Amino acid sequence: LKGCEVACLADGFDGFIVDLDGVVHLGWDPLPGAVQTLTHLARAGKGIVFLTNDPRYGRDTIAARLRAFGLTVDGEAVVTSGWAAALQMAAQPGAVYVIGSPELREEVLRAGATVLDAAEAARADRVLVGGHSGFDYDELRAACRAGANGAQLFATNRDATFPMPDGPWPATGAILAAVETALGRRALSVGKPEPEIFRVARERLGPGRVAVVGDRLDTDVLGGRRAGLPTILVHNSPLPPRTTDDCHPDHCVTSLSGLLA
Ligand SMILES: [Mg+2]
């Protein structure tokens, strides 16, 4: 592989399922070396699919952000927990009340599901929770009404936080905890570490050996292992990763450019 002086980690794989937050970017800025590494991999013919648990943005929005970094990407190469949840919402009859960003609601609508607003939530068959900064008491109250009438509870993901330049910010899991407490039951989560979303991402790559690359043990590594894929942890903290017997990566790098080392 060009860019490797000698055989490098990336040589062992034909494609990669790459996490975004904390691997490719932090907030709105690319991480050092990430764009160059992804460009090298693409030129070497490696398949790349981006897989994120962030439910706030549509796939085209995320692809546009990556293009602004200088990468050649379209929405087809992006899998989000919000999109996977939207497909699941549309696969069953009935109506959905969505706690989430306007883009998540749009994604659920575009997938073909009937989406109710807060005033109609009492007749929802399902509630879908995706973390967003506009979460408020009215949304929680609407979910509560739907839950009291027997609506099923789903979540895009369970990440407690996502990394930002000034430290972790609350993610879907933090908001979901409020909804689960109010409804008195646990949601079915669609995103990482559920193996199905890795299968969706894997199907978008050609045949060959595919590795999962991510910065979280509890989502990227655990989910990759559950899906039967080799895993590469991106770990740049001075503390060693807190691995367990059933959740340890096959490889560990300090940044995405470690794939070329
Ligand atoms: Mg991440």
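In this predicted model, Asp-21 counts as buried because its relative accessibility is 12%, under the 20% limit. Asp-21 is also one of the protein donors of the magnesium ion. The other donors are Asp-19 and Asp-215. Asp-19 and Asp-215 each contribute OD, whereas Asp-21 contributes O. The donors lie 2.1 to 2.2 Å from the ion. Their spacing in sequence is D-x1-D-x193-D. Distant parts of the chain are thereby linked: Asp-21 and Asp-215 are 194 residues apart. Asp-21 sits in the loop between β1 (15-18) and β2 (25-26). Asp-215 sits in the loop between β13 (210-214) and α8 (217-226). Asp-215 has a relative accessibility of 22%, so this residue counts as partly exposed.

Helix packing was examined next. Two packed helices are described by the angle between their axes and the distance between the axes. Helix α3 (residues 81-90) and helix α4 (residues 102-111) have axes that come within 8 Å. These axes cross at roughly 40 degrees. The two helices are therefore oblique to each other. Their crossing is right-handed. On the α3 side, the contact involves Gly-82, Trp-83, Ala-86, Leu-87, Met-89 and Ala-90. On the α4 side, Leu-104, Glu-107, Val-108 and Ala-111 take part. Sorted by class, the contact holds eight nonpolar residues, one polar residue and one charged residue.

A second pair is formed by helix α5 (residues 137-148) and helix α6 (residues 172-183). Their axes are 9 Å apart, and the packing angle is about 40 degrees. That angle makes α5 oblique to α6. The crossing of α5 and α6 is right-handed. Leu-140, Ala-143, Cys-144 and Gly-147 represent α5 in the contact. They meet Ala-178, Val-179, Ala-182 and Leu-183 of α6. By class, seven residues of this contact are nonpolar, one is polar and none is charged.

Phe-154 belongs to strand β9 (residues 152-155). With a relative accessibility of 2%, Phe-154 counts as buried. Neighbours within four places in sequence set aside, Phe-154 is in contact with Gln-88, Met-89 and Gln-92. Further contacts of Phe-154 are Arg-126, Val-127, Leu-128 and Val-129, together with Ala-187 and Leu-188. Met-89 is thus shared between two descriptions: this residue touches Phe-154 and takes part in the contact of α3 with α4. Thr-114 is 40 residues from Phe-154 along the chain, and the C-alpha atoms of the two are separated by 15 Å.

Note on methods. Residues numbered from 1 in each chain as written. Predicted model: local features only at pLDDT ≥ 70, side-chain atom pairs only at ≥ 80, totals over all residues. Heavy atoms only, no water. Donors = N, O, S within 2.8 Å, 3.2 Å for Na, K, Ca; no water. Helix = DSSP H or I, 4+ residues; strand = E, 2+ residues; numbered from the N terminus. Buried < 20%, exposed > 50% of the residue type's maximum accessible area, 1.4 Å probe, protein only. Axes fitted to C-alpha atoms, helices over the stretch in contact; angles between N-to-C directions. Parallel < 35°, antiparallel > 145°, perpendicular 65-115°, else oblique. Left-handed = near helix turned anticlockwise from the far one by under 90°. Contact = heavy atoms within 4.5 Å. Nonpolar A, V, L, I, M, F, W, Y, C, P; charged D, E, K, R; others polar.
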